[in-house]
Amino acid sequence: MTPRPRSIAFLVATVLVQGMALMMVLSTVITITVLLLTDTQGRERIGLTSVEKLLQDGASYDPAGKFVLDVDGVIAEKIIQFSKDQSEFWYLVSDGTQSILHGTVPQSAQKIIDETSPQVIFSQFYYLKDQDRYFGLRTWSKEDPRILVALGGVSFSHAETVFVALWQIWPQGLYHLLGVVLVATATIAVVAIKRTIAIPVRRVVDSAEQLDGLPNGRRISDHDTPIELKPMVAAFNTALSRIDNAFEAQRNFLAGASHELRTPLTKLRLKLDLVQDPDVRDVLVRDTARLASIVTTSLQLARLSGQSLTFTSLDLAATARAIIAEHVPSAMKKGIDIEFKAPEERIWVTGSEPAIRVALDNLIVNAMRHAEGTETLVVEVLHSGILRCTDDGPGIPAEERERMLKPFVRGNSSASDGTGMGLAIVAQIMLAHGGSVDLGEATGGGLVVNLAFPQAAKDT
Amino acid sequence: MRILIVEDDRELASSLKSMMEDSIGVADTFETIADAEAALLAFKFDLVLIDRNLPDGDGLSLLPTLRQLRPRPATLVLTALDDPIDIVSALDKGADEYVGKPFEPMELIARARAVLRRYSLDETGYTQFGNLTFDLTNRSAMIDDNALSVPRRELAVLESLIRRAGRVVQRDNLEASVYSIDEEIESNVLDSHVSRLRKRLREGNCNATIRTIRGIGYMLVQE
């Protein structure tokens, strides 16, 4: 099973959301820690103002017109409960005529409540009771000026303070805002990352796709490439240069080897014409031809294994016809007729024209050399992208056919000037094309070679 | 005919020289591009044989100079490099023919003659194949000394065939040389031109004949 392709945009968006969630938690923890680290007075005040607000909001009239405290919400009840759990806690909510009272209002506090001018809408104070210092609060309701709220005698534990603080922060909409920001950021991230990462990457990919594979061919352009991708593009181009250099070195070596081997062969061949005895001369000429053929095919094999082929869509019929036409004069000298058959329309296959040329050259030369007694060589191009070469020579026994596709193997029945590499080269070229070679027997006993090419799309 | 041979291997150069002198014409040999270039500018040559690996560079660097000469000599590149890339680059740069080493002596001479025939047709409007003479300027053909009466279209077929005598001319190319693009060509009209032309050549005792290469085209050969 192949791993699912991962999108960078998705990954980054996920990390971003996770990061922001973590930030939210962290900021909350920090806020609360700060609250907890502030002095007791501050703590108490925060707790107390929360309770005061709850009392103020909770004061209402029941259907009977009785002034009652009706605290709504689980957290609010919990906070009131925290307070009520403390023995010194007291509160007083009054609308001027009716009051709700909890606990005992200490005298000192009662005095402040009674004596403070109604003009003072908010006051806070400390009072002593049994040597302990408590914090008290007295305030007129903002919404309903008749309502007076006073409370005191409470101190929260750390955990309770956190709870109260959270409850205070929650309604501010901070967390809602953070949520919205989170979703918005994730959305923007997905879109933005696609634009900032995916598009430049796509551009590099497009540029890479245009590489033609030819030596010293195109490089990926780093024009418009973001700085992050430049090292990748540079590395890719360096690799291409190295491949080119290696290719060039191999080409130079082959060219050198080719020259060094062929020039003496040429001289040898020309000198052979000076040999007087025609029998001796013919044998030597044939041996030289065989040697020359070995050189040629070895170099072809080396060249093929050292370079990647550039494939294009080509008309197999036209390509084959042109190549075969070139072999007709030499075939004619040997008394062999070459016949070509192809459908009227074009037969599109994917292939490398120079490689197909080498394959066909070898196929035809092989047929002319090894098929003793051949009179007619028929080359056919079929609709299915198969190139078929049929001779009327002695053929190759079934058990030898597979072996013939390996280098330096010659059929037992072969004539003497071949190298036995022709079909191996054909096989290698077909392999490089993603095609296949198949040797068979013709109706008259000759050899049939089928080269199956991968078919190209019809509309190209 | 005067031939220039650029080949740095002395033995090979001398073999080539004697081969050419036995079959085509007087030959001069040079070992470097510089010497060959000087000779080309000073004397008139009809055919130039160029090797590629020369002491002072690639023989192909002579091609631009050759192209500027008037009349331009026919050019045959003779080389050990048979990579398709090398062949294409040589032909692109203006070589008329490319012969790979090692070659059969007869093959080289045949190729050289073919190149000269094309060259002569282009430069003088006149060429010969066997006992058949083709005159492009007067648009006429002769077998030995007898004028051969050939209609216009058949003459066009003959011209294409004689330009590539000894090689196959593909049907498509022949049709293109005889008919303009917008003319309707019936499938067998070319065959009938060829068979009439073949009959004319036979009746005129021509030693050149037109062979049909099935599925490919036609070829003018000497019998």
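# Reasoning through chains A and B

Mentor: Let us start within chain A of this predicted model, where, among contacts between residues at least 6 apart in sequence, 62% join residues at least 24 apart.

Trainee: How many helices and strands does chain A have, and what share of its residues is buried?

Mentor: Chain A has 12 helices and 14 strands, and buried residues make up 42% of its 460 residues, where being counted as buried requires a relative accessible area under 20%.

Trainee: What makes A:D337 and B:R211 a salt bridge?

Mentor: The side chains of A:D337 and B:R211 come to 3.7 Å, N to O, and the cut-off is 4 Å between a side-chain nitrogen of Lys or Arg and a carboxyl oxygen of Asp or Glu, so the pair qualifies. Between chain A and chain B the count is 7 salt bridges, together with 9 residue pairs in polar contact.

Trainee: Which elements of chain A each supply at least two residues of the side that touches chain B, and which gives the most?

Mentor: They are α7 (230-272), α8 (278-306), α9 (316-333) and β9 (337-341) of chain A, and α7(A) gives the most, with 12 residues. Sorted by class, that side of chain A has 14 nonpolar, 5 polar and 11 charged residues.

Trainee: How many residues of each chain take part in the contact, and what area is buried between the chains?

Mentor: In chain A there are 30 residues in contact with 31 residues of chain B, and the buried area is about 2,800 Å², with carbon and sulfur atoms giving 58% of this area.

Trainee: Turning to chain B, into which domains is it divided, and what distance separates their centres?

Mentor: Chain B is divided into domain 1 (2-122) and domain 2 (126-222), whose centres, taken over C-alpha atoms, are separated by 29 Å. The contact between them takes 7 residues from domain 1 of chain B and 11 residues from domain 2 of chain B.

Trainee: What area do the two domains of chain B bury between them, and which three residues supply the most of what domain 1 buries?

Mentor: The two domains of chain B bury about 840 Å² between them, 44% of it on carbon and sulfur atoms. Of the area that domain 1 of chain B buries against domain 2 of chain B, 74% is supplied by B:R117, B:R118 and B:L121, more than any other three residues.

Trainee: Why is the pairing of B:E97 with B:R167 called a salt bridge?

Mentor: The N to O distance between the side chains of B:E97 and B:R167 is 2.2 Å, which falls within the 4 Å cut-off, and therefore the pair counts. Across the interface of domain 1 of chain B and domain 2 of chain B the rule finds 2 salt bridges, and the count of residue pairs in polar contact is 5. On the domain 1 side of this interface, helix α5 (residues 105-124) of chain B gives the most, with 6 residues, and by class that side has 1 nonpolar, 1 polar and 5 charged residues.

Trainee: How do you know that B:T133 is buried?

Mentor: B:T133 has 9% relative accessibility, and because the limit for buried is under 20%, this residue meets it. B:T133 lies in strand β9 (residues 132-135) of chain B, and, leaving aside neighbours within four places in sequence, B:T133 is in contact with residues including B:Y126, B:Q128 and B:M142.

Trainee: What makes the approach of B:T133 to B:Q128 a polar contact?

Mentor: The side chains of B:T133 and B:Q128 come to 3.4 Å, and since the limit is 3.5 Å for the N or O atoms involved, the pair is accepted.

Trainee: Why is B:R139 called partly exposed, whereas B:N205 is called exposed?

Mentor: B:R139 has a relative accessible area of 41%, which lies between the 20% and 50% limits, so the residue is partly exposed. B:N205 has 61%, which is over 50%, so that residue is exposed.

Trainee: What is notable about the phi of B:R139 and of B:N205?

Mentor: Phi is positive in both, at about 50° for B:R139 and near 60° for B:N205, although neither B:R139 nor B:N205 is a glycine. Most residues other than glycine have a negative phi. B:R139 sits in the loop between β9 and β10 (140-143) of chain B, and B:N205 in the loop between α8 (189-203) and β13 (208-213) of chain B.

Key: Residues numbered from 1 in each chain as written. Chains lettered and ligands numbered in written order. Predicted model: local features only at pLDDT ≥ 70, side-chain atom pairs only at ≥ 80, totals over all residues. Heavy atoms only, no water. Contact = heavy atoms within 4.5 Å. Buried area = accessible area lost by both parts, 1.4 Å probe. Polar contact = N/O pair within 3.5 Å; in protein donor to acceptor, adjacent residues only side chain to side chain. Helix = DSSP H or I, 4+ residues; strand = E, 2+ residues; numbered from the N terminus. Nonpolar A, V, L, I, M, F, W, Y, C, P; charged D, E, K, R; others polar. Domains from an automatic or database assignment. Buried < 20%, exposed > 50% of the residue type's maximum accessible area, 1.4 Å probe, protein only.
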